[in-house]
Amino acid sequence: MTSFSNPPSIETILTHAGRDPDSQFGFVNTPVYRGSTVLFKTLADLDAQKQRFLYGRAGNPTTEGVEEVVTALEGAYRTKLVPSGLAAITIAMLSCLKTGDDILITDSAYEPGRKFADGYLTHMGITARYYDPRIGAGIADLMQPNTRAVLAESPGSLTFEVQDIPAIAKAAHANGARLIVDNSWASPIYHKPLELGADIVVHAGTKMFVGHSDAFAGTISTTEAAWADVSRVRTLLGFFTSGDDAYLVSRGLKTLAIRMAAHQERALEIAHWLEQQPEVTAVIHPALPSHPDHALWKRDFTGSGSLFSFVLQPGSREALAAFVDQMKIFSMGYSWGGFESLCLPVAIKGARSALPWTDEGHLMRLHIGFEDTEDLKADLRAGFDRYAKAR
Ligand SMILES: *Cc1c(COP(=O)(O)O)cnc(C)c1O
């Protein structure tokens, strides 16, 4: 375990935490550990079960290195690396809930997490209810005696509402519930939900941590009080992350701070430019003064991410196709967080229930990567011209 100045600086954590060259023959990086069997030398060792590693499914030096970095970044008690962001969400939810319990989920939550709640938790006799992401302290009115968890995602990764995490944490704790926050958008570089009262922070490590669109990973970081339940559920379910994938996470994390800074600057440049375009009726980015939650974002975040949305003037599906199909630099696809820019028409209606989305325009989500921003603007400009002609 590396020790740092207090408070530790993010850049130094990213470059130095989670690796121990002395135990790797001086090599700078912790290599890929592949392995199931871990050997015991004696019967006494087998009986004692005290070795650092007992069986590969529980982890290895590569996976533990990643966990150490994320723990330090989030200011957590501990972190578990899991196979995907969705696995992080489902394990976190299961760690708080049993039959007869209730969970409150933000209406802006990542849709597959909603599907897990509706299609699996409900079959286990757990109720899942959805709340307005802007509810803040008002969430106290939704608490039931059996509400044991709240799942927040701030900002939501399609519609970018910023949530009042301290107020929601207070209401949850007053009811004996735990607050889980999906922090994938800002990453711990710009937002630290545990410091604001959350109990569990989850990441789609697939996105900013990996950073190159070439691996899946998730992380769950917790307070000391929430750790035992998360660790137990993860262990019982048998989730395991390979050393190969863990290595890609650890490699990505080394440059997380400088990538986040570059994403932030480029995304803001494009967002400001989009605000001037006649085909655009709204730009939904929390760091823009026009965003309804801008003050809350300023209070609780120190920066912004690569991802935001805008709304295109209403128009036909054919016009939308004319906009996206012929793009030369932006590509269309799920996920985000890589070096390449993405432009995705969002099917928002099915992803909401508490607060229906009423804007008639096409909701478009952008991930701004590392291409030249003038090239990105030219690609969008040409798309707007095609859209204007076709709609
Ligand atoms: C992508 C995403 C997830 C899920 O991550 P996977 O690794 O794809 O399972 C969870 N939350 C948010 C906000 C995401 O964008």
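Lysine 207 sits in the loop between strand S6 (200-204) and strand S7 (218-222), and that is a good place to start looking at this predicted model. From there, this briefing moves on to the two domains and then to the cavities. The chain is assigned domain 1 (10-254) and domain 2 (258-390), and the structure holds three cavities of 30 Å³ or more.

**Lysine 207**

- The UniProt record, an unreviewed entry, annotates Lys207 as "modified residue: N6-(pyridoxal phosphate)lysine".
- Is lysine 207 buried or exposed? Its relative accessibility is 9%, so lysine 207 counts as buried, given that the cut-off for buried is under 20%.
- Leaving aside residues up to four places away in sequence, lysine 207 touches Ser335, Trp336 and Gly337.

**The two domains**

- The domain assignment places residues 10-254 in domain 1 and residues 258-390 in domain 2.
- Taken over C-alpha atoms, the centres of domain 1 and domain 2 are 28 Å apart.
- How many residues of each domain are in contact with the other? On the domain 1 side there are 38 residues, in contact with 40 residues of domain 2.

**The largest cavity**

- Here the space comes to about 110 Å³.
- Its lining is made up of 13 residues, and those closest to the centre of the cavity are Ala17, Gly18, Arg19, Ser250 and Lys254.
- Two elements, helix H3 (61-74) and helix H9 (243-253), give two or more residues to this lining.
- Which element gives the most to the lining of the largest cavity? That is H3, with four residues.
- By class, the lining of the largest cavity has five nonpolar, six polar and two charged residues.

**The second largest cavity**

- The volume of the second largest cavity is about 50 Å³.
- Its lining consists of Arg57, Ala58, Gly59, Thr63, Glu67, Lys80, Leu81, Arg234, Phe239, Phe240 and Thr241.
- Which elements give two or more residues to the lining of the second largest cavity? They are H3 and strand S1 (78-82).
- The residues lining the second largest cavity divide into four nonpolar, three polar and four charged.

**A helix to follow on screen**

- If you would like one element to trace through the cavities, try H3: this helix gives four residues to the lining of the largest cavity, and H3 also gives two or more residues to the lining of the second largest cavity.

Notes
Residues numbered from 1 in each chain as written. Predicted model: local features only at pLDDT ≥ 70, side-chain atom pairs only at ≥ 80, totals over all residues. Heavy atoms only, no water. 1 Å grid on protein atoms, 1.4 Å probe; cavity = no way out; pocket = protein on both sides within 12 Å on 5 of 7 lines; lining within 4 Å. Points joined across faces, edges and corners; volume = space filled by probe spheres on them. Nonpolar A, V, L, I, M, F, W, Y, C, P; charged D, E, K, R; others polar. UniProt positions renumbered as here; feature names shortened; annotations may be inferred. Buried < 20%, exposed > 50% of the residue type's maximum accessible area, 1.4 Å probe, protein only. Contact = heavy atoms within 4.5 Å. Domains from an automatic or database assignment.
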